[in-house]
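Please find below my notes on the model you sent, set out point by point. I would be glad if you read them with the structure open beside you.

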Amino acid sequence: MPHSLFDWTHLAALAAMLLAAMWQDAALRRIPNTLVIWGSLTALGLSLSPNGIGLGSAIAGGMVGFFGFWVLYLLRMVGAGDVKLVAATGMFVGHPDMLWVSVLILFAGGVLSIVWALCTGQLGAVLNNIKTGLLLLWLKRQHGAASSP
């Protein structure tokens, strides 16, 4: 819960970045680099202020967000815009808290994807994709275990 004017300013800047990203993503299906860059610079500037989280914590939070979601990007589970936005969010939140924020982002995304699948009648296809992905993962593990000496 924000306690000071600085906390409210910090929260307002983060909310503005996220709302702008949501609008851009919904309207254009992309998150502009300029939005993420300005959000990241704002977060870094706020982290340097006397009441800020500190530059080290901001950079570490950005790295936690970036590398955590970069792995998901490589697995084609999220888009590149998601990776950029989570990294910028990590710079606002800072290192220790970004781990929990990442878990909450993944949970919210999972819930929203299920709701979206239900509303569009795609739940069967989504469940079939999950089943296929898990089956391929299991087969790769079995094949890897069989080829080991």
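The points below take up a surface patch, two residues of one helix, and a pocket.

1. This is a predicted model, and the comments that follow should be read in that light.

2. On the surface there is a nonpolar patch whose members are Leu48, Leu55, Ile59, Met63, Phe66, Phe67, Trp70, Val71, Tyr73, Leu74, Leu75 and Met77, and their accessible area together comes to about 1200 Å². Helix 3, which covers residues 55–74, supplies nine residues, the largest share of this patch.

3. Phe66, one of the patch residues, lies in helix 3, and it counts as partly exposed because its relative accessibility is 33%, a value that falls between the 20% limit for buried and the 50% limit for exposed.

4. Ala60 also belongs to helix 3, and with a relative accessibility of 22% it is likewise classed as partly exposed. The C-alpha atom of Ala60 is 8.9 Å from that of Met98, although 38 residues separate the two along the chain.

5. The largest pocket has a volume of about 1800 Å³. It is lined by 38 residues, of which Met77, Val78, Asp82, Gly109 and Ser113 are the closest to its centre. Two or more lining residues come from each of helix 1 (5–28), helix 3, helix 4 (80–93), helix 5 (95–120) and helix 6 (123–147), and the largest share, nine residues, is that of helix 5.

6. As for the character of this lining, 25 of its residues are nonpolar, eight are polar and five are charged. Met77 appears both in the nonpolar surface patch and among the residues closest to the centre of the largest pocket.

Notes: Residues are numbered from 1 along each chain as its sequence is written. This is a predicted model: local features need pLDDT of at least 70, side-chain atom pairs count only at pLDDT 80 or more; totals for chains, interfaces and linings use all residues. Side-chain values use heavy atoms; hydrogens and water are left out. Patches are made of residues with over 30% relative accessible area and no salt bridge: like charges are joined within 9 Å, nonpolar side chains (Val, Leu, Ile, Met, Phe, Trp, Tyr) within 5 Å. Accessible areas come from the Shrake-Rupley method with a 1.4 Å probe; for residues, only the protein chains shown count as cover. A salt bridge is a side-chain nitrogen of Lys or Arg within 4 Å of a carboxyl oxygen of Asp or Glu. Helices (H or I, at least four residues) and strands (E, at least two) are DSSP runs, numbered from the N terminus. Buried means under 20% relative accessible area, exposed over 50%, partly exposed in between (1.4 Å probe, protein chains only). On a 1 Å grid over the protein atoms alone, a cavity is a set of points where a 1.4 Å probe fits but cannot get out, and a pocket is an open set with protein on both sides within 12 Å along at least five of seven lines; lining residues have an atom within 4 Å of a point. Grid points are joined across faces, edges and corners, and a volume is the space filled by probe spheres set on the points. Ala, Val, Leu, Ile, Met, Phe, Trp, Tyr, Cys and Pro count as nonpolar, Asp, Glu, Lys and Arg as charged, and the others, Gly among them, as polar.
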